[in-house]
Amino acid sequence: MTDFVSGDVVPVKSAPNVPAVENFLRRSYHSSTAVGDFVYIDGGEVIQLPTNNENGNPTGKLVNVTLSIDMRTSWTNDTVSIRSIDKGAAPNLNKQILWPSTDNQTFFAFGGEQVTTTSE
């Protein structure tokens, strides 16, 4: 079982699957749920605009980690700490459903579409 509270803390600007603010276009097909004092964000895709050195269309990246944000402390978009929880060999999913357990200590995922390429 994964310990969702003790994942690696990474600054928002260098978190996996989090493009730079100036390149961020959207996050889509993900799911989220609140468990205890944390919000968990799982699955989906991140779409970003080309960087200054790239030409072309926006590009997509599958999200292969679960992210969590501690809601016990106050934060802004610039100061938020995001925990990155490795999902190991779990499949990349879009549009899955997440819900908390009745004791609010863990969450469950159901369904979704297994994806190997982005929708972009």
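How many aromatic pairs does a search of the whole structure find? I ran that search and got three. Note to self before going on: this is a predicted model.

**Entry: the rings**

I took Phe 38 and Tyr 40 to begin with. Their ring centres sit 6.2 Å apart and the planes meet at 35°, so I put the pair down as tilted. The cut-offs matter here: under 30 degrees would have counted as stacked, and over 60 as edge-to-face.

Next I looked up Tyr 40 with Phe 107. This pair is tilted too, with 5.1 Å from centre to centre and 40° between the planes. Where do the two partners sit along the chain? I found Tyr 40 in strand β4 (residues 38-42) and Phe 107 in strand β11 (residues 107-110), so I noted a link between distant parts of the chain, 67 residues apart.Are these rings buried or exposed? Phe 38 has 5% relative accessibility, which puts it under the 20% limit and makes it buried. Tyr 40 is buried as well, at 3%. Phe 107 comes out at 12% relative accessibility, and that also counts as buried. I drew the three on one sketch, since ring pairs link Phe 38, Tyr 40 and Phe 107 into a cluster.

**Entry: the nonpolar cores**

Which residues make up the largest nonpolar core? I listed eight: Ile 41, Val 46, Val 63, Val 65, Leu 67, Ile 69, Val 80 and Ile 82. Strand β7 (residues 65-70) gives the most to this core, three residues. Apart from it I found another core of six residues, and Val 35, Phe 38, Ile 85 and Phe 107 are among them. Two names there were already in my ring notes: Phe 38 and Phe 107 belong to the aromatic cluster.

**Entry: strand β7**

I went back to β7 to see how covered it is. Six of its six residues are buried. Which residues lie on each face? On one side I have Val 65, Leu 67 and Ile 69, and on the other Thr 66, Ser 68 and Asp 70, all of them buried.

Then I checked what β7 pairs with. It runs antiparallel to β4, and five bridges join the two. Within that pairing, Val 39 has Ile 69 as its bridge partner in β7. β7 also pairs with β8, again in the antiparallel sense and over five bridges. There, the partner of Leu 67 in β8 is Ser 84.

**Entry: the loop after β7**

I picked out Thr 79, which lies in the loop between β7 and β8 (81-86). Is Thr 79 buried or exposed? It has 52% relative accessibility, and since exposed means over 50%, it counts as exposed. I also looked at where its side chain goes: it reaches the backbone nitrogen of Thr 76 at 2.9 Å.

**Entry: β10, β11 and Gln 96**

Strand β10 (residues 97-100) and β11 run antiparallel, joined by four bridges. Ile 97 stands opposite Phe 110 in β11. This hairpin has six residues between the strands, and I noted that Asn 104 takes a positive phi near 60° in it.

Gln 96 is in the loop between β9 (93-94) and β10. Why does Gln 96 count as buried? Its relative accessibility is 1%, and the limit for buried is under 20%. What does Gln 96 touch? Leaving out residues up to four places away in sequence, I wrote down Tyr 29, Ser 31, Asp 42, Gly 43, Phe 110, Gly 111 and Gly 112. Phe 110 on that list is the residue that Ile 97 stands opposite.

**Entry: the whole protein**

Last, I stepped back to the overall numbers. I counted zero helices and twelve strands. Read along the sequence, the pattern is β-β-β-β-β-β-β-β-β-β-β-β. Buried residues make up 34% of the 120 residues.

How much of the contact list is long-range in sequence terms? Of the contacts with a separation of 6 or more, 53% come from residues 24 or more positions apart. For the outside, I have an accessible surface of about 7500 Å², with 51% of it belonging to carbon and sulfur atoms.

Note on methods: Residues are numbered from 1 along each chain as its sequence is written. This is a predicted model: local features need pLDDT of at least 70, side-chain atom pairs count only at pLDDT 80 or more; totals for chains, interfaces and linings use all residues. Side-chain values use heavy atoms; hydrogens and water are left out. Rings of Phe, Tyr and Trp (its six-membered ring) pair if their centres lie within 6.5 Å; planes under 30 degrees apart count as stacked, over 60 as edge-to-face and the rest as tilted. Buried means under 20% relative accessible area, exposed over 50%, partly exposed in between (1.4 Å probe, protein chains only). A nonpolar core is a set of buried Ala, Val, Leu, Ile, Met, Phe, Trp, Tyr and Cys residues joined through side-chain atoms within 4.5 Å. A polar contact is a pair of N or O atoms within 3.5 Å; within protein, one must be able to donate a hydrogen and the other to accept it, and residues adjacent in sequence count only if both atoms are side-chain atoms. Contact means heavy atoms within 4.5 Å. Accessible areas come from the Shrake-Rupley method with a 1.4 Å probe; for residues, only the protein chains shown count as cover. Two strands pair if DSSP finds at least two bridges between them.
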